[in-house]
Amino acid sequence: MAAVKEMGQLLRMLFEVEREFVRTVAVLIPRVGNIELKYLLCQHVWESAGHARFISERGRELTGFGKGDAVRESYRSIFEEAIRVEDPMVGLTGFYKVLKPALLDAYRHYLESTHHLADWPSRKLVEEFIVDEERHLREMDPYLSQTNDRDWEQHLSIALDGLGGWLGESDRKALPEGFDWNWEELPYRHPDTCNRGEYPLCSSVFGHDPESDPIVREWLEDPNTDARVVRLMVFIWLMMELDAVDYLSPIFYDTTDAPFDLHYDLARHLWDESRHSAFGYRQLPKLKVDLGTLEHSLDLYNILIQMSPPERYAMMTMEFEAGSFATKAHVMDRVRELSDFEADTLLAFDRNDEQQHVRFGHRWLPEIMRLFGEEGSVEAFVESSRKRFKALEKEFGGKTPHSLSPEVRLTGNKLRAIAEVA
Ligand SMILES: [Fe+2]
Ligand SMILES: [Fe+2]
């Protein structure tokens, strides 16, 4: 059984690398400002979680894969190191010029090492993942060309050379004298606010004043609102789910010792929110909205990042998501009047995804509470999280001034004018 055991061990290593990639690369998402880049990272996080999932299912059929989901210290050190860098774009090059290409090498090594017939089930997976990894590097390439920090790439390469590559397939090189692990000195901290690059900002896109706010709450419910205006407002709402992308991303890192199944569902949740945001991001320009006039709302990130991970996850799933269905159902009915099949489809998938997210909440909130030593009932915890959110809202909410004057920025009244001509 030596051959089986050896391949099982290599699969275990690949599983751990994919899992650590997901856990750590996600912290870059709120830190990078390019919207398309945020979406791409969410997609890679999801696909990498998928690799880890399939590898662990196959691995558990083989002697040698081992039990549990834990990651070895030597891998953890390298991934912890990879996020101890000031500039997130430099951080990105570390992942995509060093750690991911090494993962591609590791998959290729696996394919060369294993028996094509005996280990065919693993081979099929690995062949597919090689194609994915090559594509990931290609997809990220346009973003990497903007930066060029050879020192950081070299630093991570040296750390990885200490292992001889992820599978120990190359020569191990002892770490040079004086090599410093930054992560040992420097605790990781999520940023107090999220990066939206060149986009104008505000505290919230929801309000009551059509001269000032793009989503006028009363208009969403009012049967006399033109359905075309409702459609524009719901696409803005969806696009601003980018805040969920930014405040959900840190939870992987915050729950380092969580079972992998939790991170797998979080990865799905994250990718769903990025697609919901993309629904708005892609449709609004087609409906004649200039995205340069749409301010991005930062309140939810700014408030929620002050809360503990279980509180943040409780607010997200049990309050915002669970509480959104009634209004969204009404909005879906109104949009249906327009015979806009694509809009109907996007809203229907959004609704289905959100129902799934609430189910994730029921499944994982007790687990995240447990990881943070929260005792007591889930209901009581959700209630106390609501109270704390209200208190923190006073302190951290409403602090982002409008980047644009009411004359320039997108408002309810401007949406009305756009709807007339679109
Ligand atoms: Fe969503
Ligand atoms: Fe959601």
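Begin with the contact between the two domains of this predicted model: select domain 1 and domain 2, where 20 residues of the former are in contact with 20 residues of the latter. The domain assignment places domain 1 at 2–185 and domain 2 at 201–421. Their C-alpha centres are separated by 31 Å.

Next, restrict the selection to the side of domain 1 that touches domain 2. Both α1 (2–25) and α2 (35–59) supply at least two residues there, and α2 provides the largest share, eleven residues. Colouring this side by class shows twelve nonpolar, three polar and five charged residues.

Now display the largest nonpolar core, which comprises 104 residues. Leu14, Val22, Val45, Met233 and Ile236 are the members that touch the most others. Domain 1 and domain 2 each contribute at least three residues to this core.

Centre the view on Val22. Beyond its neighbours within four places in sequence, Val22 is in contact with Val45, Ser48, Ala49, Ala52, Phe252, His263 and Ala267.

From the core, move to two loops and inspect the backbone. Select Lys288 in the loop between α12 (260–286) and β4 (296–297). Lys288 is not a glycine, yet has a positive phi of about 75°. Is Lys288 buried or exposed? Lys288 is exposed, because 12 other C-beta atoms lie within 10 Å and a count of 12 or fewer defines that class.

Finally, select Ser339, in the loop between α15 (325–336) and α16 (341–371). Ser339 likewise has a positive phi, of about 50°, without being a glycine. With 8 C-beta neighbours inside 10 Å, Ser339 is also classed as exposed.

Key. Residues are numbered from 1 along each chain as its sequence is written. Chains are lettered from A and ligands numbered from 1 in the order in which they are written. This is a predicted model: local features need pLDDT of at least 70, side-chain atom pairs count only at pLDDT 80 or more; totals for chains, interfaces and linings use all residues. A nonpolar core is a set of buried Ala, Val, Leu, Ile, Met, Phe, Trp, Tyr and Cys residues joined through C-beta atoms within 7 Å. A residue is buried if 20 or more other C-beta atoms lie within 10 Å of its own, exposed if 12 or fewer, and partly exposed in between; C-beta atoms are placed from the backbone. Domain bounds come from an automatic or database domain assignment. Two residues are in contact if their C-beta atoms, placed from the backbone, lie within 7 Å. Helices (H or I, at least four residues) and strands (E, at least two) are DSSP runs, numbered from the N terminus. Ala, Val, Leu, Ile, Met, Phe, Trp, Tyr, Cys and Pro count as nonpolar, Asp, Glu, Lys and Arg as charged, and the others, Gly among them, as polar.
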